[in-house]
Amino acid sequence: MVEHAYTRGHDIRIFTTLVGMNGSDLRRLQMLQFRAFIVHVPDDGTYMNSRLVGKSYLNVMRRLVEANIPSIRFVVLGKVHPDLADIIPAKALERLRPLSSRRGRLESNIIKPRQPVVGPLTCIGKQQHRNILLPNGDVTLCGMDFERRHVLGNLLRDEYAYLFESPIFHEIADRMNGMDGFLLCRMCEFAHPQTSGCYMDADQQT
């Protein structure tokens, strides 16, 4: 999929933990250019399963570091896994902001969900512009819509521009602007109360 998108002239952004990647995958990726190549590095077990870091994983990580991809960034929550500390240059490693509850979907003993946002709100991460295309052609509002509560349309039958002209998107925009009704954004850490003005005009979101 990445190679196909690249040959069609699309910008490529990779977000990966590298889990399951092998040397062949890495060689193919090295042939491409990326707008961003973000590697989520396993931590010491506080937030990620430390058993993911085995011999093959360490080999791939070493080769990736040596590949010196210009757009690459390494990010971690908490303390980096001890087996990776000597592989990833400290200056290339960024600390992420605190965990998101994934709209209240994570176990509360890992992170407590936020209190719902009441009234008009804005998305500080502009996630509504980062729609998710699923294998069946459905396009969901954003990466937090795990239950597919806000399916904008389907690219097998709808033009992309129509997704932001449809009654579904207008309804989402109205609810972000304060109208009553279910809106998954209200439990999301990216949501921020909007104290004045109209947050989103659906007619302008293309």
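This is a short talk about how one protein chain is built, from its overall layout to its cores, a sheet and a helix.

Hi everyone, thanks for coming. Please keep in mind that what we are looking at is a predicted model.

Let's start with the overall layout. The protein has four helices and nine strands. If you walk along the sequence, the pattern reads α-β-α-β-α-β-β-β-β-β-β-α-β. Of the 206 residues in the protein, 41% are buried. The exposed surface comes to about 12,700 Å², and carbon and sulfur atoms supply 50% of that. Now take the contacts with a separation of 6 or more: 56% of them are between residues 24 or more positions apart.

Next, the inside. Which residues have the most contacts within the largest nonpolar core? They are Phe37, Val39, Val41, Met61, Leu64, Phe74 and Leu84, in a core of 27 residues. Four elements give two or more residues to this core: α2 (23-30), β2 (36-40), α3 (55-67) and β3 (72-76). The largest share, five residues, comes from α3. There is also another core, lying apart from this one, with 19 residues, including Met144, Phe169, Leu183 and Phe190.

Do find Phe74 on your screen. Leaving aside residues up to four places away in sequence, Phe74 touches Val39, Val41, Met61, Leu64, Val65, Ile88, Ala92, Leu93 and Glu94.

Let's move on to a sheet. Three strands make up an open sheet, in the order β6-β7-β8, with antiparallel pairing. Its edge strands are β6 (132-133) and β8 (151-154), each pairing on one side only. Strand β7, residues 138-140, pairs with β8 over three bridges. To see one bridge yourself, look at Val139, whose partner in β8 is Gly153.

My last stop is helix α4, which covers residues 167-176. Which of its residues are buried? The answer is Phe169, Ile172, Ala173, Arg175 and Met176. These residues sit on the same side of α4 because they cover an arc of only 165° around the axis. And what covers them? The cover includes β5 (121-123) and also β8, the edge strand we just met. Just after α4 comes Gly178, with a positive phi of about 115°.

So, what would I like you to take home? There are two cores to look for, one of 27 residues and, apart from it, one of 19. Then there is the open sheet of three strands, and β8 from that sheet is part of what covers the buried residues of α4. Thanks for listening!

Terms used. Residues are numbered from 1 along each chain as its sequence is written. This is a predicted model: local features need pLDDT of at least 70, side-chain atom pairs count only at pLDDT 80 or more; totals for chains, interfaces and linings use all residues. Side-chain values use heavy atoms; hydrogens and water are left out. A nonpolar core is a set of buried Ala, Val, Leu, Ile, Met, Phe, Trp, Tyr and Cys residues joined through side-chain atoms within 4.5 Å. Buried means under 20% relative accessible area, exposed over 50%, partly exposed in between (1.4 Å probe, protein chains only). Contact means heavy atoms within 4.5 Å. Two strands pair if DSSP finds at least two bridges between them. The arc is that of the directions from the helix axis to the C-beta atoms. Accessible areas come from the Shrake-Rupley method with a 1.4 Å probe; for residues, only the protein chains shown count as cover.
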